[in-house]
Amino acid sequence: MKIEGKEYRTIWFDEQNQDVKIIDQTKLPHQFIIKDLKTVKDAINAIKTMEVRGAPLIGASAAYGVVLAIMEKNDPKFIKTSSENLIKSRPTAINLKWAVNRMLKKLSGVNNNEILKVALEEARLICEEDVKFCENIGLNGLKIIEEIYNKKKDTVNILTHCNAGWLATIDWGTATSPIYHAHKKGIKVHVWVDETRPRNQGAFLTSYELNEEGVPNTIIADNAGGLLMQRGEVDMCIVGTDRTIATGDVANKIGTYLKALAAKDNNVPFYVALPSSTIDWETTDLEKIPIEERNSEELSHLEGLDKEGTLKKVLIYPKNSKAMNLAFDVTPAKYVTGLITEKGVCEASKEGLKKLFK
Ligand code: MRU
């Protein structure tokens, strides 16, 4: 997708410098900065501090983290510890574990002279696959948008939460891919973008990337979605997910669950878009999904441009107030109209998932 008219991906290997390049997402939307990752520590730090974020992208970053570890020290012990640290860098998104385990499986039994080449090929393949999967999610979700458009014969209003756009993946995005496909096809779409406190991924990233692609969108406060649904101003919701378990229950950015409840109460279809790399086949109990708790400073402080255009961070809470920053919640499958995957759309249930992914 484009930034200022130029095609980008969110991560790539730079052959000339022999390092990994990322778009530093902590600086968006005010600054566009490409950052170098040279060591596995850099990769872990980028994931932890959310310079890269979004389940598919942190999976790809972890895969490249394994490559960087091999480049640093081609030693099985170091590769193993680095891999464990990569998996631990954020707890909720399953793509981290999925990507690192896939890398390790591919590398097992490969001799020392070949290992870097094989690792690099596999990390690249993970990225290419993600692009293809997200494109297919778009084509499958497009059919749903088209159906609504054909009935309504007017702009389709879609609500989304957090950033499940191309910035959260390698390209296209998950929740945004059907929207980009509809827009490219000439179907009129408008996106209600939940601001998504506390890190504001909706305002800072989703709105930013939709603007760059010319997709009409409006940022709303996180609590506004319910009212818009009551007023009939939302035709459908599409959100992403950091981990969808085998039963079809969906972990996603905090606040998703409340949107699903409001959607249910107002008969608004609530879809979740995901590549199969986000399915946790081993977990069947939603209470077992680890919920990340982040530093409460993300709540108590806000960063933005002052009048002079300088980036500033300010405290907005009373100095001595305690705050709790839970980063994800779980939406039970019963509130999900369907899962939009690279293989098609299915019911959010064990049976639904099994039908698509045998
Ligand atoms: O904390 P983040 O920004 O890494 O959150 C992850 C997400 O981007 C969202 O939860 C998203 O909806 C699912 S990942 C495509």
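Cys237 is buried, its relative accessible area being 0%, in the predicted model described here. A second cysteine, Cys162, is likewise assigned to the buried class, with a relative accessible area of 6%. Cys237 takes part in no disulfide, and the nearest cysteine sulfur to its own, that of Cys162, lies 14 Å away. Viewed from the other residue, the sulfur of Cys162 has that of Cys237 as its closest cysteine sulfur, and the separation of 14 Å is too far for a bond. Because a disulfide is counted only where two cysteine sulfur atoms lie within 2.5 Å, the separation of 14 Å between the sulfurs of Cys162 and Cys237 excludes this pair. In agreement with this, a search of the whole structure returns zero disulfides.

The surroundings of the ligand were examined next. The ligand is surrounded by 18 residues, of which the closest are Arg53, Arg90, Asp242, Asn252 and Lys253. With respect to secondary structure, helix 2, spanning residues 55-72, and strand 11, spanning residues 250-253, each contribute at least two residues to the shell around the ligand. Among the polar approaches to the ligand, one involves a side chain: an N or O atom in the side chain of Arg53 is placed 2.7 Å from a ligand oxygen atom. The backbone is also involved, in that a polar backbone atom of Gly54 lies 3.0 Å from an oxygen atom of the ligand, while a polar backbone atom of Asn163 is found at 2.9 Å from a ligand oxygen atom. Of the 400 Å² of accessible area that the ligand has on its own, 99% is covered by the protein. The space that the ligand takes up is the largest cavity.

Arg90, which is one of the closest residues to the ligand, is located in the loop that connects helix 3 (76-88) to helix 4. Despite this loop position, Arg90 is classified as buried, since its relative accessible area of 5% falls below the 20% limit used for that class. The side chain of Arg90 is joined to that of Glu292 by a polar contact of 2.9 Å. A further polar contact between side chains, with a distance of 2.8 Å, links Glu298 and Arg294. Glu298 belongs to helix 10, which covers residues 297-300, and at a relative accessibility of 13% Glu298 counts as buried.

Two residues illustrate spatial proximity between positions that are separated in sequence. Ile3 is placed in strand 1, which consists of residues 2-3, and with 5% relative accessibility Ile3 is counted as buried. The C-alpha atom of Ile3 is separated by 5.7 Å from that of Glu212, although the two residues are 209 residues apart along the chain. Asn113, by contrast, occupies the loop between helix 4 (95-107) and helix 5 (115-152), and its relative accessibility of 73% places Asn113 in the exposed class. For Asn113 and Asn74, which are 39 residues apart along the chain, the separation of the C-alpha atoms is 9.4 Å.

Particular features of the backbone geometry were also identified. The peptide bond that leads from Leu28 to Pro29 adopts the cis form, with omega near 10°, and Pro29 itself is situated in the loop between strand 4 (19-23) and strand 5 (34-37). A cis peptide bond is likewise present between Arg197 and Pro198, where omega is about 5°; Pro198 is located in the loop that runs between strand 7 (189-194) and helix 7 (201-212). Thr196 is also found in the loop between strand 7 and helix 7, and its phi is near 70°, a positive value in a residue other than glycine. At 0% relative accessibility, Thr196 is counted as buried. A positive phi is found for Lys153 as well, near 55° and again in a residue other than glycine. Lys153 lies in the loop between helix 5 and strand 6 (156-160), and with a relative accessible area of 66% Lys153 is exposed, whereas Thr196 is buried.

Note on methods
Residues numbered from 1 in each chain as written. Predicted model: local features only at pLDDT ≥ 70, side-chain atom pairs only at ≥ 80, totals over all residues. Heavy atoms only, no water. Buried < 20%, exposed > 50% of the residue type's maximum accessible area, 1.4 Å probe, protein only. Near = heavy atom within 4 Å. Polar contact = N/O pair within 3.5 Å; in protein donor to acceptor, adjacent residues only side chain to side chain. Areas by Shrake-Rupley, 256 points an atom, 1.4 Å probe, with all protein chains shown as cover. 1 Å grid on protein atoms, 1.4 Å probe; cavity = no way out; pocket = protein on both sides within 12 Å on 5 of 7 lines; lining within 4 Å. Sits in = over half its atoms within 2 Å of the grid points. Helix = DSSP H or I, 4+ residues; strand = E, 2+ residues; numbered from the N terminus.
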